[in-house]
Amino acid sequence: MHLSNLSMITQRVSLSIAIIAMVNGTQQPAPANASADRPLQDPSGPIGEFHAGSSVYAWSPETQGILFSSISYGILLTLIPSGYLAGIFGAKHMLGAGLLASSLLSLCTPLAADLGVSLVMVIRVAQGMAQGMAWTGQFTIWAKWAPPLERSKLTSIAGSGAALGSSLILCVGGLISQALGWPFIFYIFGGLGCVCCLLWFTVIYDDPMGHPCISLREQEHIVSSLAQQPTSPRRSVPLKAMARCLPLWAIFSGFFSHFWLCTVIVTYLPTYVSSVLHVSIRESGVLSALPFVAASTCTVLGGQLADFLLSRDLLGLLTVRKLFSALGLLLPSLCAVALPFVASSYMTTVVLLILIPGTSNLCDSGFIINTLDIAPRYASFLMGISRGFGLLAGIISSTATGFLISQDSASGWRHVFFLAAAVNLFGLVFYLTFGRAELQDWAKERTLTRL
């Protein structure tokens with residue numbers, strides 16, 4: 001699952017790296033009657049810097065923005081229904097199919113670019129829908145495989161694949177584009193996803209009882225630890241009870257706050273590094289990758305620490321969830337607020353930029369997995385809704401950030417970070433007030449007695 005998350009995030013970010021070569025800003029503007037989809041062929045021009053067989057497209061900044069956001073709209077379309085269906089039909093095939101579809105679509109992206117920008121948009125939306133299926137199906141698997149005292153560790157190791165994938169493609173994406181041509185970014189990471197699919201369908205099973213390779217001792221350990229957890233198939237969802245559940249809204253508010261700042265960092269980090277630190281493109285790529293290396297490391301270490309505190313009975317489950325949620329929302333807020341005041345110090349700015357995503361990912365042991373505590377029976381469905389709130393926050397924050405920095409760069413960045421900190425603090429206060437870790441009544445299995 002770690003590899004599947006790594007593969008999906010690299011496919012998602014591939015366009016952000018490749019578009020530097022796909023849309024060459026130094027090219028002359030296209031003639032008025034030229035198609036926006038048509039590649040600009042100029043062998044003697046700047047295209048030679050990348051690869052002789054690669055095309056440069058006359059896509060406007062507005063078109064590029066639509067291409068970047070289209071995958072998020074696709075994810076939104078399938079998050080909730082795929083989470084519900086995964087709970088009924090099993091997550092193995094749902095997640096595997098999503099990963100396979102996303103990988104195949106990634107392989108088709110260079111061809112689609114030659115055929116027209118509209119087809120690229122369609123592929124990005126479809127790729128988002130496929131990844132939405134894969135993201136939410138994971139929690140159905142964890143509900144059946146992860147013992148309560150090991151959930152933080154297992155989910156954090158799996159989730160760290162996304163941060164590691166981001167750092168990987170930021171480090172090597174530019175090198176691949178320069179050495180082989182930008183299409184190979186899509187070919188390599190799309191191919192990696194296909195390999196992950198083979199592994200997925202070979203070694204993954206929906207529950208431990210059906211796995212032929214694990215030991216009987218491990219099987220009994222997992223099953224016994226989840227004995228009190230309802231696992232029967234469900235066809236109906238208690239939507240009214242969910243809508244009235246404040247602990248659930250506390251999780252949603254945490255996701256909204258967490259994704260607000262994370263989206264700003266993921267989307268605008270290269271821009272901030274380039275405009276504020278004034279570094280070269282090569283240095284910018286390395287600096288942009290470092291925060292995600294820190295995020296991957298902190299995700300795993302946070303999960304280990306959370307399970308250590310629980311297994312030794314040092315802290316209760318609710319205390320652990322609120323502690324890591326507080327650290328994951330408060331610490332990056334403090335770093336973000338400090339950034340505008342240390343812009344003149346290169347080293348301090350780099351350290352703070354590394355700490356923001358690193359400390360933010362401590363939330364993976366907090367409210368991120370809290371649905372497994374309060375409603376494991378509906379974990380995938382609720383994760384779909386939770387990520388929907390996160391994507392909504394990302395859409396709003398990226399739009400607001402673009403508007404603020406377009407007004408005035410210096411004061412704009414300050415307003416961006418202050419606003420993100422305020423949103424984080426709101427989510428933290430709401431979660432600390434209403435967050436719970438016990439199984440909710442509406443999530444319990446109902447036993448019908450026939451007379």
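1. Which helix holds Gln 131? Gln 131 sits in helix H4, residues 117-145. This is a predicted model, so take each point below as a statement about the prediction. Gln 131 is buried, with a relative accessibility of 0%. Setting aside neighbours within four places in sequence, Gln 131 is in contact with Met 8, Gln 11, Arg 12, Ile 71 and Ser 102.

2. Next, the largest nonpolar core. This core has 108 residues. Met 22, Trp 59, Leu 248, Leu 382 and Trp 442 touch the most other members. Helix H9, residues 246-277, gives the most to the core, with 16 residues. Where does the core lie? Domain 1 (1-26 + 56-224) and domain 2 (241-443) both give residues to the core, so the core lies between them.

3. Look at Trp 442 up close. Residues up to four places away in sequence are not counted here. Trp 442 touches Pro 238, Ala 241, Met 242, Cys 245 and Leu 248. Trp 442 also touches Ala 375, Tyr 378 and Leu 382. Apart from the largest core lies another core, of six residues. Among them are Ala 306, Leu 309, Leu 310 and Val 320.

4. Now find Phe 434, in helix H15, residues 409-434. Is Phe 434 buried or partly exposed? Phe 434 is partly exposed, because its relative accessible area is 28% and the partly exposed range runs between the 20% and 50% cut-offs. Phe 434 and Pro 247 are 187 residues apart in sequence. In space, they are 5.2 Å apart, C-alpha to C-alpha. Leaving aside neighbours within four places in sequence, Phe 434 is in contact with Leu 246, Pro 247 and Ala 250.

5. Check the span of helix H12, residues 346-360. H12 has 15 residues and reaches 22 Å from its first C-alpha to its last. That is close to the 21 Å expected at 1.5 Å a residue. Buried residues in H12 include Thr 349, Val 350, Leu 352, Leu 353 and Ile 356. Pro 357, Gly 358, Thr 359 and Ser 360 are buried too.

6. Last, the second largest pocket. How much space lies in the second largest pocket? About 430 Å³. The pocket is lined by 21 residues. Met 1, Trp 142, Trp 145, Val 203 and Ile 204 are the closest to its centre. Helix H1 (2-22), H4, helix H6 (183-203) and helix H7 (216-225) each supply at least two residues of the lining. H6 gives the most, with four residues.

Technical notes:
Residues numbered from 1 in each chain as written. Predicted model: local features only at pLDDT ≥ 70, side-chain atom pairs only at ≥ 80, totals over all residues. Heavy atoms only, no water. Core = buried A, V, L, I, M, F, W, Y, C linked by side-chain atoms within 4.5 Å. Buried < 20%, exposed > 50% of the residue type's maximum accessible area, 1.4 Å probe, protein only. Domains from an automatic or database assignment. Contact = heavy atoms within 4.5 Å. Expected span 1.5 Å × (residues − 1). 1 Å grid on protein atoms, 1.4 Å probe; cavity = no way out; pocket = protein on both sides within 12 Å on 5 of 7 lines; lining within 4 Å. Points joined across faces, edges and corners; volume = space filled by probe spheres on them.
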